[in-house]
Amino acid sequence: MKKKLNSHKKLIIAVISLIVSSIVGLALLIAVTNFGEDEYEINNLQVKQNKFSLDVSWDPVEDANGYSLLVYSGFGIPQSIKTDDTEITIDDITIDKRYRIVVSALEADGSSNGAAEKRIKTKKLKQKISVSDDEFEGFAGDGFTLTGTGKGKIEYVSGNSEIAEVTEDGQVTLQKAGTTTINVRADETKIYRAATVKVDIKVCPDTLDAPNIKIETEKSTEVSLSWTNNEYATEYQLFRMNPATDKYEKIKTVDKDTHQISIHRTQGKYGVKAVAVIREKTVSSDLSSPVNVKPAASEAQTYTKAHNLKEISKSDLHTIALIHGTGSTKVPQSMSYNGSEYIISYVNHGGTVGKFVVYDEKGKKVREKSEPGMGHANGATLNRNTGIIYVAKTHKKKYTAASYAYKESNLSPQGAFKLPRVTSGIAYDPTNDKYYLSKGNVVYVADSNFKVERSLHKKARYNHAQDVGGYNGVVYVCTWVNGKTSYIDMYRTEDGAYLGSYYIPLGEIESCLVDDDGYLIILMNIKGTNDAYIYKTKERVSF
């Protein structure tokens, strides 16, 4: 009963207070307001909240002797303010409360005229959250402590807990590759609204997704390959399978914005990897599913009798070097290639003294070494998988079963090896891991152990083959005909089909090969001298 009586008392007191304040407010309003002729008018009254203040403004009233403001805020006597300005700030307002502002112009006797009013309910303030990190990048398993501060209680919520987890005290642990956010939330208070700040999280992959590679176009001398983009990639690496090892080897590196490349149409299986350096860590994809590039020779036109595809003149050639036979090693006889250097085998006329001289791709002599026992060295080739130069000692009808091998890196002898046939030319084809051996009007195709797999009977010319080159499943037979005219006759080694000839009326051809980019390299003797040129074609070969 006592509690109920107290409640009634409180209600009665509140009603009495309301009545009193209304009477007092009305009395103040009557006291300051002139109810006579309304000469003044308050225009454009504006009331705006500025955090804990109210900014009040209005248009000036001509001939006014100042202004009177009444500020009502619930029960009680309103705040009365007199001012000569048309702008005023009311400080120390209460948040989330209703206010009524009455503005009047004052006459000379202090009475008010022309009242205007505005009502406003003050709003809770915007809450600002400060965070220790606004973004974080790392790998799965990495973590950090996220700290947020604001006016209200701080909570941490992960946008995707499968990518990043966060505890109630801000301990973040990265889970798997992807992106998400950590939402840092501050609760609402009596003065401030609730607020949320998002912290960006990026979990980097430990491995990249493999691109998809495809063949865009195939021409006679080149093939265009393209692949899909990987958003993380900083570069792409192009691989080709080495048939000698059945392993993929990197042949090109291209920048991250390149997704298509044209290369020489070399037969084989090709794949691409995406590579990225993320936070100082190198990550890569698996090799893409490979594409199989077929050589142009596989679908080339064939001929049954001698047919010149092209005459190669000096205007079709770059001169790499003019080399001289000197001393006892007078004749530049055969040529090998290691990817950046041309290794010339010199012999004397009797074929009893030998020497290697190595030239770089600009024609500069970079090293040399005498090697007796090379025989006539009519043919030589380098197998870059083994690092061995194989020199054929035999020449024309002179049969020597044992020929000599040399280590390319230091040109040192590695002992004899046996060839299965009388051989005047030898070439290694890196695109199919085969050796081609020439003898008169026959070319033998042998495996990596020099075991003959098939014989090709030449259809164009039956002259003595100076040497042979091999590339892309094609044997390039270097033939000297009449002392001043040379030919390179080309045969598909799969079936022995004749693909045509290059006609080169520049002297005695000694050797030829095709470099990694598909250009023909020719060693051409100057008739009547011990000198020779190393030439490179300006255009790629067709096969």
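Is Arg540 buried, partly exposed or exposed, and what is its relative accessible area? Arg540 is partly exposed, at 23%. Here buried means under 20% relative accessible area, exposed means over 50%, and partly exposed lies in between (1.4 Å probe, protein chains only).

The model is predicted: local features need pLDDT of at least 70, side-chain atom pairs count only at pLDDT 80 or more, and totals for chains, interfaces and linings use all residues. Residues are numbered from 1 along each chain as its sequence is written, and side-chain values use heavy atoms, with hydrogens and water left out.

Salt bridges were assigned where a side-chain nitrogen of Lys or Arg lies within 4 Å of a carboxyl oxygen of Asp or Glu. The count comes to 24 salt bridges. Strands (E, at least two residues) are DSSP runs, numbered from the N terminus.

Arg540 pairs with Glu222 in one salt bridge. Their closest N and O atoms are 3.4 Å apart. This pair links distant parts of the chain. Arg540 belongs to strand E45 (residues 531–540), and Glu222 to strand E18 (residues 222–227). The two are 318 residues apart. Glu222 is also partly exposed, at 24% relative accessibility.

A salt bridge also joins the side chains of Lys121 and Asp96 (3.6 Å, N to O). Lys121 lies in strand E7 (residues 112–121), and Asp96 in the loop between strand E5 (87–90) and strand E6 (98–106), so the pair ties together parts that are 25 residues apart in sequence. Lys121 is partly exposed at 41% relative accessibility. Asp96 is partly exposed at 42%.

Buried partners occur in the salt bridge between Arg461 and Asp489. The closest N and O atoms of this pair are 2.7 Å apart. Arg461 sits in the loop between strand E38 (452–457) and strand E39 (465–471), while Asp489 sits in strand E41 (residues 486–492). These residues are 28 apart in sequence, and the pair links distant parts of the chain. Relative accessibility is 12% for Arg461 and 0% for Asp489. Elsewhere, salt bridges that share partners join Arg100, Glu117 and Arg119 into one network.

Leu411 was examined next. Leu411 is located in the loop between strand E33 (402–407) and strand E34 (412–418). Leu411 is buried, with a relative accessible area of 2%. Its contacts (heavy atoms within 4.5 Å) include Ile343, Phe356, Val358 and Tyr406, not counting residues up to four places away in sequence. Charged residues Arg367, Lys369 and Glu371 also touch Leu411, as does Ile389. Leu411 and Ile388 are 23 residues apart in sequence and 8.9 Å apart in space, C-alpha to C-alpha.

Terms used:
Helix = DSSP H or I, 4+ residues; strand = E, 2+ residues; numbered from the N terminus.
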